[in-house]
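These are my notebook entries on what I looked up in the structure, kept in the order in which I went through it.

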Amino acid sequence: MKDAVKRIDRAINGLLGIAVIAMLAVMSAVVFAQVVFRLVHASIPWSEELSKYLLIWCTFLGSALGVRKGSLVGLELLFMILPKKAIKPLTAVINLAAAVLLVFLMVIGFRTAAQVWAQTTPILKMPMGLMYASIPVGALFMLINTGISTYLNFCEEDEKE
């Protein structure tokens with residue numbers, strides 16, 4: 001079971017990493033091109049809008065990667081103060097609370113995306129719901145990575161005992 005979870009982990013987070021890198025590359029190229037065009041008194045009208053929406057998607061998908069790597073803001077001091085036996089149950093409670101919050105974020109995000117789907121972005125004429133969809137999609141991947149991290153942490157703890 002643990003090997004299957006690790007394979008799923010590598011597949012999901014590998015694809016997330018590629019997607020985030022691609023979006024950051026496109027965003028960087030578009031912003032750089034806009035700067036160069038402005039130097040010659042020209043403009044790319046859609047560059048700001050595209051880079052803004054790519055940044056939003058990168059933020060939510062990148063947060064999912066951060067959840068898996070454990071690189072988001074945390075209360076490390078609390079874990080240093082507590083006895084070793086209390087860390088495992090506390091981690092489970094924290095991850096459960098995070099999972100509840102992420103499910104709530106997914107539900108609200110899907111509702112919001114559905115409500116604004118008919119609206120279009122000013123320049124690119126893309127559905128505005130596509131931009132808002134970054135919230136539930138990112139929350140879904142954060143939830144998956146929270147589950148994977150929790151499972152793998154508990155497996156490692158069981159192997160140590």
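I began with Lys-125 and asked whether this residue is buried or exposed. With a relative accessible area of 57%, Lys-125 is exposed, where exposed means over 50% relative accessible area, buried under 20% and partly exposed in between, with a 1.4 Å probe and protein chains only. I placed Lys-125 in the loop between helix H4 (84-115) and helix H5 (128-132), and I noted that its phi is near 60°, a positive value in a residue other than glycine. For background I wrote down that most residues other than glycine have a negative phi.

Before going on I recorded that this is a predicted model, in which local features need pLDDT of at least 70 and side-chain atom pairs count only at pLDDT 80 or more, while totals for chains, interfaces and linings use all residues. I also recorded that residues are numbered from 1 along each chain as its sequence is written, and that side-chain values use heavy atoms, with hydrogens and water left out.

Next I turned to the loop between H1 and H2, where His-41 lies. His-41 takes a positive phi of about 60° just after H1, and its relative accessible area of 79% makes it exposed. Pro-45 has its place in the loop between helix H1 (2-39) and H2, and at 54% relative accessibility it also counts as exposed. I looked up the C-alpha separation of Pro-45 and Gln-34, which are 11 residues apart along the chain, and found 8.7 Å.

I then went through the helices, which, like strands, are DSSP runs numbered from the N terminus (H or I and at least four residues for a helix, E and at least two for a strand). For H1, the 38 residues should span 56 Å at 1.5 Å a residue, and the end C-alpha atoms are 55 Å apart, which agrees; the expected span is 1.5 Å times one less than the number of residues. The buried residues of H1 include Val-5, Asp-9, Ile-12, Leu-16, Val-20, Met-23, Met-27, Val-30 and Gln-34.

Helix H2 (residues 47-69) has 23 residues and reaches 31 Å from its first C-alpha to its last, close to the 33 Å expected, and just after H2 I found Gly-70 with a positive phi of about 70°. H4 has 32 residues and reaches 47 Å, close to the 46 Å expected. Which residues of H4 are buried? I listed Thr-91, Asn-95, Ala-99, Leu-102, Met-106, Gly-109 and Ala-113. An α-helix has 3.6 residues a turn, so residues three or four places apart point the same way.

Last, I looked at the whole protein, which has 6 helices and 0 strands. Its radius of gyration is 20 Å, well over the 15 Å that the globule rule gives for 161 residues, so the protein is more spread out than a compact globule; the radius is taken over C-alpha atoms, and the rule is 2.2 Å times the number of residues to the power 0.38. The C-alpha atoms fill a box of roughly 65 × 35 × 35 Å along the principal axes. Of the 161 residues, 32% count as buried. Of the contacts (heavy atoms within 4.5 Å) with a separation of 6 or more, residues 24 or more positions apart account for 73%.
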